[in-house]
Amino acid sequence: MTNKLQRVITGKDDQRLMNCAEPLLWELHAETDETVNLGVLSEDRVIYLKVIESAQPLRRVAEVNSTDPFYNTALGRGIVSQLPMEEREAIVQRANLVPRTDKTVADKQRLREILDAARRDGFAYEQDESDMGVTCLGVPVFENNRVVAAMSVSVPTVRMDDKRYAIIVDLLKSAATRLSDMLSMKTHG
């Protein structure tokens with residue numbers, strides 16, 4: 001694990017990350033009325049640091065401090081896509097791609113293509129790969145140009161269309177840019 005990622009997931013910096021992220025996560029939650037998540041990478045798993053659940057009866061529920069494999073989550077894909085290529089490839093090589101649903105990508109070459117697209121587009125998504133009926137969009141968060149976390153919005157697929165997809169991606173990118181700016185300023189100040 002890289003020093004930067006190790007530093008982010010070892011307590012004090014988790015709290016700093018959450019303190020900076022919390023108002024932005026609540027803002028995203030208010031704007032989308034959907035479940036909003038903040039996660040970091042530990043080995044090949046995403047740890048959920050903060051989860052703000054949608055009040056709507058149909059929603060995806062994740063617990064704080066629970067983990068999911070990186071490869072079938074938008075959070076994990078968002079983070080791993082932005083790692084230096086040698087780190088990214090090492091994680092992909094080590095990954096045991098166990099399908100969670102019949103839609104989970106279990107082919108390493110296809111996963112590499114998904115990560116390439118996420119790196120290029122600045123966001124990741126998964127639909128029905130962690131849970132059937134759930135679409136999740138995630139964006140990386142940086143500190144001084146190094147990926148340290150990701151933010152995501154989980155939406156029941158029945159409430160997702162192309163227009164809403166684009167709106168949520170824009171909201172996520174804006175929030176992640178603001179968070180990245182705050183984290184980078186705090187390390188310089």
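Reader: How many helices and strands does the chain have?

Author: In this predicted model, the chain has six helices and six strands. Read from the N terminus, the elements follow the order α-α-β-β-β-α-α-α-β-β-β-α.

Reader: What share of the residues of the chain count as buried?

Author: A residue is called buried when its relative accessible area is under 20%. By that reading, 53% of the 189 residues count as buried. The chain exposes about 8,700 Å², and carbon and sulfur atoms supply 51% of that area.

Reader: What share of the contacts with a separation of 6 or more joins residues 24 or more positions apart?

Author: A contact is a matter of distance in space, with heavy atoms within 4.5 Å. Among the contacts with a separation of 6 or more, residues 24 or more positions apart account for 60%.

Reader: Which residues touch the most other members of the largest nonpolar core?

Author: A nonpolar core joins buried residues through side-chain atoms within 4.5 Å. The largest one here has 30 residues, and Leu 17, Leu 38, Val 141, Met 151, Leu 172 and Leu 179 touch the most other members. The elements that give two or more residues to this core are helices H2 (12-32) and H6 (162-188), together with strands E1 (35-42), E2 (45-52), E5 (134-143) and E6 (146-156). Another core, of 21 residues, lies apart from it; Val 80, Leu 83, Ile 114 and Val 147 are among its members.

Reader: Where does Ser 152 lie, and which residues does it touch?

Author: Ser 152 belongs to strand E6. Ser 152 counts as buried because its relative accessibility is 1%. Beyond residues up to four places away in sequence, Ser 152 touches Thr 35, Val 36, Asn 37, Leu 75, Cys 136, Leu 137, Gly 138 and Leu 172. Its pairing with Val 36 shows how sequence and space may be read together: 116 residues separate the two along the chain, while their C-alpha atoms are separated by 5.7 Å.

Reader: Why does His 29 count as buried?

Author: The test is the relative accessible area. His 29 is buried because that value is 13%, and the cut-off is under 20%. His 29 has its place in helix H2. Not counting residues up to four places away in sequence, His 29 touches Glu 34, Val 36, Ile 52, Glu 53 and Ser 54. Val 36 is thus a residue touched by His 29 and also by Ser 152.

Reader: What is the distance between the C-alpha atoms of Gly 78 and Ala 124?

Author: The two are 5.1 Å apart, C-alpha to C-alpha, and 46 residues apart in sequence. Gly 78 lies in helix H3 (residues 74-80) and is buried, with a relative accessible area of 1%. Leaving aside neighbours within four places in sequence, Gly 78 is in contact with Ala 124 and Pro 140.

Reader: Is Ile 91 buried or exposed?

Author: Ile 91 counts as buried, at 7% relative accessibility. Its place is in helix H4 (residues 85-94). Outside its neighbours within four places in sequence, Ile 91 is in contact with Leu 41, Glu 43, Asp 44, Phe 70, Val 80 and Leu 83. Val 80 is eleven residues from Ile 91 along the chain, and their C-alpha atoms are separated by 8.1 Å. Val 80 and Leu 83 have already appeared, as members of the core of 21 residues.

Reader: How much space lies in the largest pocket, and which residues are closest to its centre?

Author: The largest pocket holds about 210 Å³ of space. It is lined by 13 residues, of which Arg 77, Arg 110, Ile 114, Ala 117 and Tyr 125 are the closest to its centre. Helix H5 (108-121) and strand E4 (124-127) are the elements that give two or more residues to the lining. H5 gives the most, with six residues. By class, the lining has eight nonpolar, five charged and no polar residues.

Reader: Which residue in the loop between E4 and E5 has a positive phi?

Author: Most residues other than glycine have a negative phi. Asp 128 has a positive phi of about 65°, although it is not a glycine. Asp 128 lies in the loop between E4 and E5 and is buried, with a relative accessible area of 11%. Asn 144 also has a positive phi, near 50°, and lies in the loop between E5 and E6. Asn 144 counts as partly exposed, at 32% relative accessibility.

Definitions and conventions. Residues are numbered from 1 along each chain as its sequence is written. This is a predicted model: local features need pLDDT of at least 70, side-chain atom pairs count only at pLDDT 80 or more; totals for chains, interfaces and linings use all residues. Side-chain values use heavy atoms; hydrogens and water are left out. Helices (H or I, at least four residues) and strands (E, at least two) are DSSP runs, numbered from the N terminus. Buried means under 20% relative accessible area, exposed over 50%, partly exposed in between (1.4 Å probe, protein chains only). Accessible areas come from the Shrake-Rupley method with a 1.4 Å probe; for residues, only the protein chains shown count as cover. On a 1 Å grid over the protein atoms alone, a cavity is a set of points where a 1.4 Å probe fits but cannot get out, and a pocket is an open set with protein on both sides within 12 Å along at least five of seven lines; lining residues have an atom within 4 Å of a point. Grid points are joined across faces, edges and corners, and a volume is the space filled by probe spheres set on the points. Ala, Val, Leu, Ile, Met, Phe, Trp, Tyr, Cys and Pro count as nonpolar, Asp, Glu, Lys and Arg as charged, and the others, Gly among them, as polar.
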